[in-house]
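Visitor: I would like a close look at a single part of this model, the one around its middle. Please take me through it step by step, and say how each piece meets its neighbours.

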Amino acid sequence: MAIWTAAHVGKNKASMGLLKEMLQFGVAPTIVSYNGVFAALSTCGKAHDAVQLFMDMRQDNPALRGDYATFSHLASVIKVVSLAEERARLLETVYQLMKSDKLRVRIGGRIIEQLLPTLGS
């Protein structure tokens, strides 16, 4: 919860540092912890770091699938990548790592509004 709080009060480096410390000390982060860092990375415009963190999260803990907040933050940060080919590559990476049950969830709304213009560019 501290990570999420730090990210939401603008302490982006602190939220990322807390996650790193958790991992170093063998404390398993929850999806809320990761979402705090995804929010921080989104705020900072660090799309590559956000996608890499998602890849690491899925590899290190396959049980953490991501949720609406996860994919919303990823969509937000990928949307601002300037090169269309790079946006498409990052979205493809996220798509490939999404579990099939998440692909079937009816999410709509903001995520779809963000992804469609990105994919169409």
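Guide: Start with one term. A crossing is left-handed if the near helix is turned anticlockwise from the far one by less than a right angle. A clockwise turn makes the crossing right-handed. Keep in mind that this is a predicted model.

Now the setting. The chain has eight helices and zero strands. Read along the sequence, the pattern is α-α-α-α-α-α-α-α. Of its 121 residues, 39% count as buried. Take the contacts between residues with a separation of 6 or more: 62% of them join residues 24 or more positions apart.

Our part is helix H4, and we begin with H4 and H5. Two packed helices are described by the angle between their axes and the distance between the axes. H4 covers residues 47-60 and H5 covers residues 68-79. Their axes are 9 Å apart, at an angle of about 150°. Angles over 145 degrees count as roughly antiparallel, so H4 and H5 are roughly antiparallel to each other. H4 passes H5 in a left-handed crossing. From H4, the contact uses Ala47, Ala50, Val51 and Phe54. From H5, it uses Thr70, Phe71, Leu74, Val77 and Ile78. By class, that contact has eight nonpolar residues, one polar and no charged.

Turn next to H3, which also packs against H4. The angle here is about 165°, and the axes are 9 Å apart. H3 is therefore roughly antiparallel to H4. The crossing of H3 and H4 is right-handed. On the H3 side we find Ile31, Tyr34, Val37, Phe38 and Leu41. On the H4 side they meet Asp49, Ala50, Leu53, Phe54 and Met57. Sorted by class, the contact of H3 with H4 has nine nonpolar residues, no polar and one charged.

Ala50 and Phe54 of H4 appear in the contact with H5. Ala50 and Phe54 also appear in the contact with H3. So follow alanine 50, in helix H4, more closely. Is it buried or exposed? Buried means under 20% relative accessible area. Alanine 50 has 1% relative accessibility, so it counts as buried. Set aside residues up to four places away in sequence, and alanine 50 touches Phe38, Leu41, Leu74 and Val77. Phe38 and Leu41 belong to the H3 side of its contact with H4, while Leu74 and Val77 belong to the H5 side of its contact with H4. Alanine 39 is eleven residues from alanine 50 along the chain, and their C-alpha atoms are separated by 9.0 Å.

Phenylalanine 38 looks back at H4 from the other side. Leave aside its neighbours within four places in sequence. Phenylalanine 38 is then in contact with Ala50, Leu53, Phe54, Met57, Thr70, His73 and Leu74.

These residues lead us to the core. In soluble globular proteins, nonpolar side chains tend to be buried together. Here the largest nonpolar core has 24 residues, and Tyr34, Phe38 and Val94 touch the most other members. Two or more residues come from each of helix H2 (12-24), helix H3 (31-44), H4, H5 and helix H6 (84-97). H4 gives the largest share, six residues.

H2 is one step further out on our tour. H2 and H3 pack at an angle of about 145°, with axes 9 Å apart. H2 passes H3 in a left-handed crossing. Among the residues in this contact are Met16, Leu19 and Leu23 of H2, and Tyr34, Val37 and Leu41 of H3. The contact of H2 with H3 has nine nonpolar residues, five polar and no charged.

Finish with two residues of H5. Alanine 75 lies in H5. Its relative accessible area is 3%, so alanine 75 is buried. Leucine 91 is 16 residues from alanine 75 in sequence, and 7.9 Å from it in space, C-alpha to C-alpha. Tyrosine 68 is also in H5. Partly exposed lies between 20% and 50%. At 43% relative accessible area, tyrosine 68 is therefore partly exposed. Asparagine 35 is 33 residues from tyrosine 68 in sequence, and their C-alpha atoms are 9.7 Å apart.

Terms used: Residues are numbered from 1 along each chain as its sequence is written. This is a predicted model: local features need pLDDT of at least 70, side-chain atom pairs count only at pLDDT 80 or more; totals for chains, interfaces and linings use all residues. Side-chain values use heavy atoms; hydrogens and water are left out. Axes are lines fitted to C-alpha atoms, for helices over the stretch in contact, and angles run from 0 to 180 degrees between N-to-C directions. Helices (H or I, at least four residues) and strands (E, at least two) are DSSP runs, numbered from the N terminus. Angles under 35 degrees count as roughly parallel, over 145 as roughly antiparallel, 65 to 115 as roughly perpendicular and the rest as oblique. Contact means heavy atoms within 4.5 Å. Ala, Val, Leu, Ile, Met, Phe, Trp, Tyr, Cys and Pro count as nonpolar, Asp, Glu, Lys and Arg as charged, and the others, Gly among them, as polar. Buried means under 20% relative accessible area, exposed over 50%, partly exposed in between (1.4 Å probe, protein chains only). A nonpolar core is a set of buried Ala, Val, Leu, Ile, Met, Phe, Trp, Tyr and Cys residues joined through side-chain atoms within 4.5 Å.
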